[in-house]
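Work through these exercises with the model open beside you. Try each task before you read its solution.

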Amino acid sequence: QGYLRTTGGKGLHVVVPVRPTLGWGPIKSFTKAIADLLVSAFPDRFTAKLAKAQRGGKIFVDYLRNAEGSTAIASYSVRAKAGAPVATPIAWEEIADDVRFDHFNARNIPARLSRLKRNPWATMITNAQEIDMALLQRVGI
């Protein structure tokens with residue numbers, strides 16, 4: 001199960017909690033295999049190319065965030081951009097709304113938090129999944 005977050009930038013992050021049973025190398029190899037699978041199955045929709053000029057309006061599957069020392073924006077971080085957009089966890093149902101990069105910002109995030117009936121990521125910690133050797137083999141690693 002994945003969890004969705006606006007980035008406060010142009011994209012969305014799908015975060016999949018994984019129990020830390022394997023090292024960084026196998027996890028990065030696994031996420032690259034998934035990215036490659038998406039690109040080969042839907043080449044008109046997905047790309048794994050880092051260079052923005054090579055993406056051609058496709059969805060960027062960023063498996064590179066799964067390497068030791070890599071960083072990603074933390075939830076509820078304010079971005080240094082006009083309007084002060086905020087990286088915000090959202091429920092999958094909210095994707096139907098217009099959640100562009102600046103939808104959540106430093107002005108409206110306190111009201112959102114007070115209105116929420118439940119944390120969209122409430123089950124994340126207890127829902128950590130495991131990537132084991134059998135799963136690695138299934139994706140060709």
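**Exercise 1. Find which residue stands opposite Arg5 in strand 2, then place strand 2 in its sheet.**

Step 1. Arg5 faces His13 of strand 2. The model is predicted: local features need pLDDT of at least 70, side-chain atom pairs count only at pLDDT 80 or more, and totals for chains, interfaces and linings use all residues. Residues are numbered from 1 along each chain as its sequence is written, and side-chain values use heavy atoms, with hydrogens and water left out.

Step 2. Strand 1 and strand 2 pair in the antiparallel sense, over four bridges. Strands (E, at least two residues) and helices (H or I, at least four) are DSSP runs, numbered from the N terminus. Pairing takes at least two DSSP bridges between two strands.

Step 3. The open sheet has three strands in the order 2-1-5, with antiparallel pairing. Strand 2 and strand 5 (89-90) each have a single partner strand, so one side of each is left without a neighbour in the sheet.

**Exercise 2. Name the buried residues of helix 1 and what they pack against.**

Step 1. The buried residues (under 20% relative accessible area, 1.4 Å probe, protein chains only) are Ile27, Phe30, Thr31, Ala33 and Ala35.

Step 2. The buried residues of helix 1 pack against helix 3 (133-138), where contact means heavy atoms within 4.5 Å.

**Exercise 3. Compare the reach of helix 1 with its expected span.**

Step 1. Helix 1 has 18 residues. The expected span is 1.5 Å times one less than the number of residues.

Step 2. From first C-alpha to last, helix 1 reaches 26 Å, close to the 26 Å expected.

Notes. Buried < 20%, exposed > 50% of the residue type's maximum accessible area, 1.4 Å probe, protein only.
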